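Thank you all for coming. Please have a look at the sequence and the structure on the screen before I say anything about them.

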Amino acid sequence: MLFRRREPHLLEAEIPRLRRYARTLCRDATQADDLVQESLAKALAAWGQRREDGALRPWLFAILHNTWANGLRRDYTRPDGVALDESVDEPAVSGGQIERLELLDLAVALDRLSEEQRSLLLLVAVEGLSYEEAARVQGVALGTVMSRLTRARDRLHRLLHGESDADPNRPRQKGPSLRRVK
């Protein structure tokens, strides 16, 4: 399908947001870049199926999220060996700045949130998606987005202020239980 002159430019403008979201999902820059590339290839292949009245950003985020979730399912059913450099924790780097330490605390606190809470919080707070758009990206109801965000914000506040780390709302999962977004 031929693109109109403006359309590739629209995709290029979304790449930094997609990379940021992919890095929060993958927690590895190389895997995140591969995920974004694969997602953009799928978006280009499905460009003719995109609704004209649909917003581009949520559509791209849904493709990225589904690609990531499918990869998790695939890896869960066919686990590989762990690479040597993945088994070693990276050393902590301290710049001595209070702001740097606060950012590290925030990163640790975000990492302790459940995957659903963290990804929703980042979609809404960092990427600027509306609750409705985030619900479409994640394939959940609007009320689910609102309750997960409330729990995520409350838990993040508790973690950053040294309160109890226990999250009674965090489900225990045996494996990935991600739903595909339509």
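I will begin with the whole protein and then turn to one of its helices.

I should say at the outset that what you see is a predicted model. The protein has seven helices and zero strands, so that if you read along the sequence you meet the pattern α-α-α-α-α-α-α. Of the 182 residues in the protein, 34% are buried, and the protein exposes about 12,100 Å², with carbon and sulfur atoms supplying 52% of that area. If we take the contacts between residues at least 6 apart in sequence, 67% of them join residues at least 24 apart.

Now to helix α2, which covers residues 29-45 and therefore has 17 residues. From its first C-alpha to its last, α2 reaches 24 Å, which is close to the 24 Å expected at 1.5 Å a residue. At the start of this helix, a side-chain oxygen of Asp28 comes to within 3.3 Å of the backbone nitrogen of Thr30.

Which residues of α2 are buried? They are Ala32, Leu35, Val36, Ser39, Leu40 and Ala43. Seen down the axis of α2, these buried residues fall within an arc of 130 degrees, so they line one face of the helix. It helps to remember that an α-helix has 3.6 residues a turn, so residues three or four places apart point the same way. On the other side of α2 we find Thr30, Gln37 and Ala45, which are exposed.

Conventions: Residues numbered from 1 in each chain as written. Predicted model: local features only at pLDDT ≥ 70, side-chain atom pairs only at ≥ 80, totals over all residues. Heavy atoms only, no water. Helix = DSSP H or I, 4+ residues; strand = E, 2+ residues; numbered from the N terminus. Buried < 20%, exposed > 50% of the residue type's maximum accessible area, 1.4 Å probe, protein only. Contact = heavy atoms within 4.5 Å. Areas by Shrake-Rupley, 256 points an atom, 1.4 Å probe, with all protein chains shown as cover. Expected span 1.5 Å × (residues − 1). Arc of directions from axis to C-beta. Polar contact = N/O pair within 3.5 Å; in protein donor to acceptor, adjacent residues only side chain to side chain.
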